Amino acid sequence: MVADEKTVLNLLKTARGQLDAVIRMVEEDRYCIDISNQLMAIESLVAKTNATVLKAHIAGCVRSACHCGTDAERDEKLAEIEDVIDKLSR
């Protein structure tokens, strides 16, 4: 199962649009808290996008490796997920 490309692209394009808006806010010397609030919204949107991609990876690639792959393939996919969890917890 691959992440729904349309959903992922829409989320990323929305984040890009928000980032462009924040750049304009900085150029216009807007209020710092307003800029910070917008940056947190972008972070949330990117995190949601990442979760969507990772869920699809688990539902597709990892599940397939666990059911149909070799022990080495399964271990590799599980190690990838462990690495991602480590990165997310930093």
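Q: Why is Lys77 called partly exposed in this predicted model?
A: Lys77 has a relative accessibility of 22%. Buried means under 20% and exposed means over 50%, so Lys77 at 22% counts as partly exposed.

Q: What makes the contact between Glu80 and Lys77 a salt bridge?
A: The closest N and O atoms of Glu80 and Lys77 are 3.9 Å apart. The cut-off is within 4 Å, and therefore the pair qualifies as a salt bridge.

Q: How do you know that Glu80 and Lys77 are separated by about one helical turn?
A: Both residues belong to helix H3 and are 3 residues apart, which means a separation of about one helical turn.

Q: Why is Asp71 called exposed?
A: Asp71 has a relative accessibility of 53%. Exposed requires over 50%, so Asp71 is placed in that class.

Q: What makes Arg74 and Asp71 a salt bridge, and where do they lie?
A: Their side chains meet at 3.2 Å, N to O, and the limit is within 4 Å, so the pair satisfies the rule. Arg74 and Asp71 lie in helix H3, residues 71-88. Asp71 and Arg74 are also linked with Asp75 in a network of salt bridges.

Q: Why is Glu28 classed as exposed, and how is Arg30 classed?
A: Glu28 stands at 52% relative accessibility, and exposed means over 50%, so Glu28 counts as exposed. Arg30, at 39%, counts as partly exposed. The side chains of Glu28 and Arg30 meet in a salt bridge at 3.7 Å, N to O.

Q: How many salt bridges does this rule give?
A: The count comes to 4 salt bridges.

How values were computed: Residues numbered from 1 in each chain as written. Predicted model: local features only at pLDDT ≥ 70, side-chain atom pairs only at ≥ 80, totals over all residues. Heavy atoms only, no water. Buried < 20%, exposed > 50% of the residue type's maximum accessible area, 1.4 Å probe, protein only. Helix = DSSP H or I, 4+ residues; strand = E, 2+ residues; numbered from the N terminus.
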